[in-house]
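The following exercises practise reading a protein model step by step. Attempt each task before reading its solution.

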Amino acid sequence: MAAAPVWQRDVAGGGSRGGGDQTGSLGMPIKSFEDVDQITKTFSHITDVSMEFRRESDLFDLLQSTSKEDTYQQHFQGWPTLLRPLSGAVLELPTMVQEKYNSCQTMCFIGLFPQIRRAWASVDNSLFLWRYDKTSDVPVEYSGEDQAITAVCLTEPKAGVFLPAIRYIIVLCTAAEIVMLGVCPSRRGNSGDDWEGVPEDIILQPLPLYSISADNILFTSCVAGPAGRIFLGGADGCVYELSYNASESWCQKRMSKSRLEWHFRSILPTMPAFIPTFGNWGTPAIAQLAVDKERHILYSLNVASGIKVFDLGPVGETPAKLVAEVSNVYAAAAGAVGGKELFRGAAADRKAASIKYIVPIATSESSGLHLMAVTADGRRIYFSTHPLSKYGTYNLHGGARGVMTKAPPLAVAGATTGNATAAGGAATGREPAYYRRPETLAAVFARAALPYSAGARGATGDLSRSAALELLGAHYSAGCLLLSESAGGAGSGGATKFLMASRNTTVPTPTVNTHTGSGHGIGGLISGHVPGGLRESVTELDNIVPGETTALEAAPWRPVLGAEVLSARAGPGSNELISAVWWPPPRFIVMSTAGVMELEKRRPVELLMQILERNSPDQLRSFFQAYGAAEAAAMCYQIATSGPPGALAAGPGGGRGSMGGAIGCSPCSSSLGGGGVSALAARGAAAALDNPLLVGEARMPEDAALEGGYLHNGPNSSNALAGGGASGMYMGRAVDPNPGPYWSMGHRGLCLYISRLLAPVYDKKIVVVVGGGKVSGATGGQVLKGGFSEQTLQVLEDRLNALGQYLEVSLTKRQQRGYAARTFAAVTSSGTYGAGGASASGVAPMPAAGGAPGGGYGAAAAGGGLFGFGAGMAAGGVDDPTVVVHKRRRLEHAAQQEDEMVQRIRGLPAAGTAVCPQPGPPGA
């Protein structure tokens, strides 16, 4: 007999997975999962608490509120570096390629195809492809052309044109013709696909039917567009589209090219070369093409820094149409916000201000800014294709064209996007639609170049002295700008150094107001939405890469969850504090004339992992201060539950790092980089969550009021810090006769982490209707299909199980320790908040002894801590035995209420795990 479904077993009180009432670590019964109302209330509590820490902001808003002093900031001295190489040495070019390069007669180019994890090199008429992550890979060579290769690109073919074995096509542009090659997986040996779907071995299949004459046009660039479209940029200054079809008929050719724009030079292609220079009729050659595959927009950049915009239609399938052009980018940049002093006078040097690189801005980063341009000396210009209103905001009206709104908060609203999936039209094989079409190209913001001191490298560089940059290459993705410059000066070609600017997500300290509790809370640690503009940390790669940079690309990001549950606005470029839960860290591939190197950007959670492995109390304290205790606690929960199974079973000396049990998850379910979470980092994270000096303890409003502000939270409140000073008066608000506790930062971090963990799936349907008709002989039935992929269910179950086990063990240990021992330090503290142990930002130094993770609670009384351990009663009250007894009771009551709330929160991972069924035999 088949086993009863999960929901029936719950009602029946079965003891199997997802069964009936059980007894928790606090002696309280765990309610059955059918209590939907209780689960809804618990998730509402999580949502209310996590909403205080929303940090997602549109790039437009960040740039608009950026102050000149906070544009660039130095990385914390002594912390792990933000940019690290994945290998100690550069992977040299294959011997076959080097030998061919030494005999080059005409031209050679080097590039990257990250989609198939290959590097490519063209030497005269030969093309080589090889794995850039394998030292022993033998290059695949193609030498079927007579003329030298001038441009190469890789794209997925249109559906139905080629056989399924051809997964990709390579477009080769030569001086005489344009040809296509099919990329097919090899069948030799045990060749197959790796876990990312990349073929281990490939062959290049010539497609003789797909070739066309170049018509005396030298093509300088080639790029893949949406839906398998291909665009070419010519030395004549024109942009072309290369069309191809499965068959040829009287009304369509199998392969053709069409010009997207017309000008005087293109009308007379056979005109002698000296005539276009007369009267300034010449059109600058195309230097780069860039495609925004989300908004379906094509951009072209010519060698004179002119930019053109082409509309490809809402789904990227309509004929391209030129809609805007900026020929004088210098004047446009001077009119942008911040551009007056960056692009005027001596700063208007045409050579230094020429555009070196353009890149579309992802929708997860901004809905108002669409293109970024980087100049030859590192300055940035942000463009929009939407007109600005007279009030300086974007006109989002569109009538029938649709309205594009900003993304909902990712911490909690990622689950409200419905089950239509981020792929939009993925179910129909079409590109997702974007109905707001480009209308213009306007420079909106200008940003200064990265400050850089020649000779100062690494995280300790002096940003007060600047030297002009001379870029060799640039790349921007996921909020990270990577720049390359010659290490020996312009034109040396001997070595390359790399600079990176990435968003600084630490709490902005200038917004602190500890006296009134306004602004962003105590040191920003309690704060809700944290503005502060676009503050970027600047760092340089410690290693100098040999050779001259020829290509910079980002490795494809593949989320741990399935793509059907992550919206396009929840990509890695949205906010690295949020995306770190389900997205791996950004990786970049550097191609130089000497070889290939892979780099990885450390996000805050990876920085915390390194600090925990170093076992440095000072750096751990400064990290909690910089990012806020709640954010740091959320990272600790992720690290502690992402370690290898059994990592917490035996902490050092059996101390507080020891949790017992096989808590952890498999490496394929973790999104953390740096080679994965070590057992040492997992134990350190668990110890930090158990340290009240770092994460605090729950308190009642009376105690919180005596520490500089009245923290109120009732059933519908999320513990906002309101100005009340030591008096604790409500001042116009109704008094809550039964106020709840002021949750500790550890509890807030738990709510923050679990909200981000469940956000992609919490409000989505488990099953969706995919069709109708006859079902089992009945008419009018509907066909239901699971809403989540097997990958999503497996990863969710792994992560939720690890979190549920951790909370169970943690609650048991806290219960065994007793409330009296936990609140002893807070009761006996005698300092005052903001003095004698706490800094102006509300953060006190950790004690030199006993304050490290794993130390005893008695250290709290020695020198204060993060959250009021060192913040006692009013003057003279600490010695009153009655006051001490009452305070202890209040603290014990607050701790008990927080444990009860954590116990209810623990039911959410259990409920989520129940809907992730294990595969069973057919009919079970």
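A residue counts as buried when its relative accessible area is under 20%, and as exposed when that value is over 50%. The model examined here is predicted.

**Exercise 1. Determine how many residues of helix α10 are buried, and which helices they pack against.**

Solution. Step 1: Helix α10 spans residues 617-627, and the cut-off for burial is under 20% relative accessible area. Step 2: The residues that meet this cut-off are Gln619, Leu620, Arg621, Ser622, Phe623, Phe624, Ala626 and Tyr627. Step 3: Eight of the eleven residues are therefore buried, and α10 is largely enclosed by the rest of the structure. Step 4: The packing partners of these buried residues are α9 (604-614), α11, α12 (679-689) and α13 (692-695). Step 5: After α10 comes Gly628, which has a positive phi, near 90°.

**Exercise 2. Classify the packing of helix α11 against helix α15.**

Solution. Step 1: α11 covers residues 629-640 and α15 covers residues 745-758; their axes lie 7 Å apart and form an angle of about 60°. Step 2: This angle makes α11 oblique to α15. Step 3: The crossing of the two helices is right-handed. Step 4: On the α11 side, the contact involves Ala629, Ala630, Glu631, Ala633, Ala634, Tyr637 and Gln638. On the α15 side, the contributors are Met745, Gly746, Arg748, Gly749, Leu750, Leu752, Tyr753 and Arg756. Step 5: Sorted by character, the contact residues of α11 and α15 comprise nine nonpolar, three polar and three charged.

**Exercise 3. Explain why Cys104 and Cys108 do not form a disulfide.**

Solution. Step 1: A disulfide is a covalent bond between the sulfur atoms of two cysteines. Step 2: The cut-off applied to such a pair of sulfur atoms is within 2.5 Å. Step 3: The closest cysteine sulfur to that of Cys104 belongs to Cys108, at 4.5 Å, and this is too far for a bond. Step 4: In total, the structure holds zero disulfides.

**Exercise 4. Decide whether Cys104, Cys251 and Glu576 are buried, partly exposed or exposed.**

Solution. Step 1: Cys104 has a relative accessible area of 26%, so this residue is partly exposed. Step 2: Cys251 reaches 58% relative accessibility and therefore counts as exposed. Step 3: Glu576 has 15% relative accessibility, so this residue counts as buried. Step 4: Glu576 belongs to helix α8 (residues 576-579). Leaving aside residues up to four places away in sequence, Glu576 touches Arg503, Thr505, Lys601, Arg603 and Pro604.

How values were computed: Residues numbered from 1 in each chain as written. Predicted model: local features only at pLDDT ≥ 70, side-chain atom pairs only at ≥ 80, totals over all residues. Heavy atoms only, no water. Axes fitted to C-alpha atoms, helices over the stretch in contact; angles between N-to-C directions. Helix = DSSP H or I, 4+ residues; strand = E, 2+ residues; numbered from the N terminus. Parallel < 35°, antiparallel > 145°, perpendicular 65-115°, else oblique. Left-handed = near helix turned anticlockwise from the far one by under 90°. Contact = heavy atoms within 4.5 Å. Nonpolar A, V, L, I, M, F, W, Y, C, P; charged D, E, K, R; others polar. Buried < 20%, exposed > 50% of the residue type's maximum accessible area, 1.4 Å probe, protein only.
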